[in-house]
Amino acid sequence: MTGTELLVICGPTASGKSALALEAAERLHGEIVSVDSMQLYRGLEIGTAQPSAEDRARVPHHLVGFLPLDRRMDVYSYCEAAARAINEIASRGRLPVLAGGTGMYLRSLLYGMDDLPGDRQLRAELDAQYDSAEGEGALHARMAELDPAALERWKQCRRRLIRALEVRLLTGESILTLQGRVRPELRYRVRAFRLDLPVDLLKARIAVRAKKMLDSGWLPEAEKALAGGILDSPTAHQAIGYRQIGEFLAGRMTRPELEERIITSTWQYARRQRTWFNHQHPEAICLQNPEIGAIL
RNA sequence: GGCGUGGUAGCCAAGAGGUUAGGCAGCGGUCUGCAAAAUCGCUCAGACCGGUUCGAUUCCGGUCCACGCCU
């Protein structure tokens, strides 16, 4: 653990994290470090609800809107970048305020992750193999031989299986034995808050926000991102809404259907975030209201 | 008014006289290098009334409703 002090505000999408973090940073002499796998990207400003120019003028934001759409991102790279930003902010004597909803990024940043080797090239190859005709079976057979325990554990889960094989190939050992069993200590001195609004309220906020985004420029933004190949990008293609907007623009969906589908997938995302934050962040104090008073 | 077809869970949608349909949505969980991802589990039926049968969501009759055609 470093002595660096951190304020953390996490929670599901549309729960009011950004506004709260903004106000807190303003009052506490802080700068915001985004913990969001999609706000990273340049060109997805509206669709990923990035902070406005006005917000950014009020408080410096880091790790927002800088990454080209075709760039791959992963937890490890994110953590490196975020740790760097945190150090810079702290060295300026300001308070790093982490704000965002990408649970795995946040947990990895706060608690660290086992420093196992990684090889994107190898991983990409294994992934490509998986797609070929007998790929899945071949990969399973290979794992059955090299690391049956990991296969058993993740046979349903392509990515983790591939990652397990990657590590096995790189180290000669099973990822299961290399990963620490116990959760490590926090790496920073954190004051963490997790927003957990009542379900009905959160649902309503999601619906309102989705409609507002669609009414205020998301469509042209998405059209441009689609033209730029977002759907074929390694990571950014996962952003909610862009594929659906493509369908809508192609006339395969009505506007009400589009809204509904976006709201639905956003809610599903929020649900996953809720279960993550409810279970993975014992250090965080639960806030039922995005109110500044609670964190000052 | 007549004839026909159909009424299956919040929605879509099958088959079968007795054995889980399935998909979507919903709910709960998992999560160590693509996480706005991936994945596991659970809940929710047979329009209504009667009959046949050991047993009906499935067969028969009626009622209601929807759709189509005819008058």
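Here are some questions and answers on the fold and helix packing of chain A, a predicted model.

In this model, local features need pLDDT of at least 70 and side-chain atom pairs pLDDT 80 or more, while totals for chains, interfaces and linings use all residues. Residues are numbered from 1 along each chain as its sequence is written, and chains are lettered from A and ligands numbered from 1 in the order written.

User: Hello! How many helices and strands are there in chain A?
Analyst: Happy to help. Helices (H or I, at least four residues) and strands (E, at least two) are DSSP runs, numbered from the N terminus. Chain A has 13 helices and six strands.

User: What radius of gyration does chain A have, next to that of a compact globule?
Analyst: The radius is taken over C-alpha atoms, and the globule rule is 2.2 Å times the number of residues to the power 0.38. For 296 residues that gives a value near 19 Å, which agrees with the radius of chain A, 20 Å.

User: How far apart do the C-alpha centres of domain 1 and domain 2 lie?
Analyst: The bounds come from an automatic or database domain assignment. Domain 1 covers 1-114 + 186-296, and domain 2 covers 120-178. Their C-alpha centres are separated by 30 Å.

User: Is H5 parallel or oblique to H6?
Analyst: Axes are lines fitted to C-alpha atoms, for helices over the stretch in contact, and angles run from 0 to 180 degrees between N-to-C directions. Angles under 35 degrees count as roughly parallel, over 145 as roughly antiparallel, 65 to 115 as roughly perpendicular and the rest as oblique. The axes of H5 (residues 120-131) and H6 (residues 135-146) come within 6 Å and cross at roughly 125°. That makes H5, relative to H6, oblique.

User: Which residues in H12 meet those in H11?
Analyst: H11 (residues 218-227) and H12 (residues 242-249) pack at about 100° with axes 9 Å apart, and are therefore roughly perpendicular. Contact here requires C-beta atoms, placed from the backbone, within 7 Å. On the H11 side are Leu 219, Ala 222, Glu 223, Ala 225 and Leu 226; the H12 partners are Tyr 242, Ile 245, Gly 246 and Leu 249.

User: Is Ala 83 buried or partly exposed?
Analyst: Ala 83 lies in helix H3 (residues 75-91). A residue is buried if 20 or more other C-beta atoms, placed from the backbone, lie within 10 Å of its own, exposed if 12 or fewer, and partly exposed in between. With 17 C-beta neighbours inside 10 Å, Ala 83 counts as partly exposed.

Notes:
Contact = placed C-beta atoms within 7 Å.
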